[in-house]
Amino acid sequence: MKLSKQEYDRMNRQASPPSPVAKDCLWAFFVGGAICLLGEVLRTAYGRAGFILTDASALTSITLVALSAVLTALGWYQKLASRAGAGTLVPITGFANAVVSPAIEYRVEGLVTGVGAKMFVIAGPVIVWGMMASVVWGVVYYFLRPMMGG
Amino acid sequence: MHYFWAFVVGGALCVIGQLLIDLTALTPARILVLFVVSGVALSALGWYRPLAEFAGAGATVPLLGFGHLLAQGVVAAVERHGLLGALTGGFSAAAGGIAASLVCGVAASLAARSKDQC
């Protein structure tokens, strides 16, 4: 069968499943949004309980991290992540998942060379480059501050 | 109403991450790094604080907010300790989240068994 390029493109489009991007984005939006909504509920609750704003935010992060660790240990977070993609990756729960998953996986290699060394195999780069960026900003801010009339 | 905006803004930031996954060849680890470094940069430019005040957890729970936290911490520490603060500010601000992840990771590794081993 001989096909022109246009015909081939048309047949290819008909045979391929519809673009998954829109569906992926909907999942990411609703799951990611829901995690952030839970964060806002927690933050408000901690605020009402009398914690100052920064403490309430820190406690919210810690609560979400602990929740994510439990769900990761049960294997549920990964199941949700296979659908929700970035919806479970981008929130802080995704960071916690990236720490807890390898910690469990490398337990067989021991507590020091396994858990200790491999726990930050994914989250480590985030801390390294986040810290580097913050140190650079700190130095820049130090020299900019007098010029900003501070 | 702040619950609604937390949901929408948080969801939208996750959609940006999803588009990066679907449309580029970036791995999840690279996307996380990109989000945190962007968070530091946006905070340094003064653009993230208004978003955080508007959307609350919608802006602080995604990893961009982690970058914002680092940048805010470093500014506060430079105000107090001068140049030394550039080194101490980031980790001080992020200590709670990082230590919680670390403790949870160790606890989970002791409590759970890897699925591959069963």
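Two residues are in contact if their C-beta atoms, placed from the backbone, lie within 7 Å. The model is predicted: local features need pLDDT of at least 70, side-chain atom pairs count only at pLDDT 80 or more, and totals for chains, interfaces and linings use all residues. Residues are numbered from 1 along each chain as its sequence is written, and chains are lettered from A and ligands numbered from 1 in the order in which they are written.

**Exercise 1. State where F66(B) lies, whether F66(B) is buried or exposed, and which residues F66(B) is in contact with.**

Step 1. F66(B) belongs to helix α5 (residues 63–81) of chain B. Helices (H or I, at least four residues) and strands (E, at least two) are DSSP runs, numbered from the N terminus.

Step 2. A residue is buried if 20 or more other C-beta atoms lie within 10 Å of its own, exposed if 12 or fewer, and partly exposed in between. F66(B) is buried because 27 other C-beta atoms lie within 10 Å.

Step 3. With neighbours within four places in sequence left aside, F66(B) is in contact with I92(A) and G130(A) in chain A and with V36(B), G39(B), A94(B) and G97(B) in chain B.

Step 4. L45(B) is 21 residues from F66(B) along the chain, and their C-alpha atoms are 15 Å apart.

**Exercise 2. Describe chain B as a whole.**

Step 1. Chain B has six helices and zero strands, in the order α-α-α-α-α-α from the N terminus.

Step 2. The C-alpha trace of chain B spans about 55 × 35 × 35 Å along its principal axes.

Step 3. Of the 118 residues in chain B, 52% are buried.

Step 4. Take the contacts in chain B between residues at least 6 apart in sequence: 57% of them join residues at least 24 apart.

**Exercise 3. Characterise the side of chain A that touches chain B.**

Step 1. The contact involves 60 residues of chain A and 65 residues of chain B.

Step 2. On chain A, α2 (20–48), α3 (53–74), α5 (86–89), α6 (92–105) and α8 (123–144) each supply at least two residues. The most come from α8(A), with 15 residues.

Step 3. By class, this side of chain A has 42 nonpolar, 13 polar and five charged residues. Here Ala, Val, Leu, Ile, Met, Phe, Trp, Tyr, Cys and Pro count as nonpolar, Asp, Glu, Lys and Arg as charged, and the others, Gly among them, as polar.

**Exercise 4. Give the packing of α6(A) against α6(B).**

Step 1. The axes of α6(A) and helix α6 (residues 84–111) of chain B come within 8 Å and cross at roughly 35 degrees. Axes are lines fitted to C-alpha atoms, for helices over the stretch in contact, and angles run from 0 to 180 degrees between N-to-C directions.

Step 2. The crossing of α6(A) and α6(B) is right-handed, meaning that the near helix is turned clockwise from the far one by less than a right angle.

Step 3. Residues of α6(A), including I92(A), F95(A) and V99(A), meet residues of α6(B), including G97(B), S101(B) and L102(B). This contact has eleven nonpolar, four polar and no charged residues.

**Exercise 5. State how confidence is distributed in chain A.**

Step 1. pLDDT is the predictor's confidence in each residue, from 0 to 100. Chain A has a mean pLDDT of 91, with 95% of its residues at 70 or more.

Step 2. Within chain A, confidence is lowest in helix α1 (residues 5–15), at a mean of 75, and highest in α8(A), at 96.
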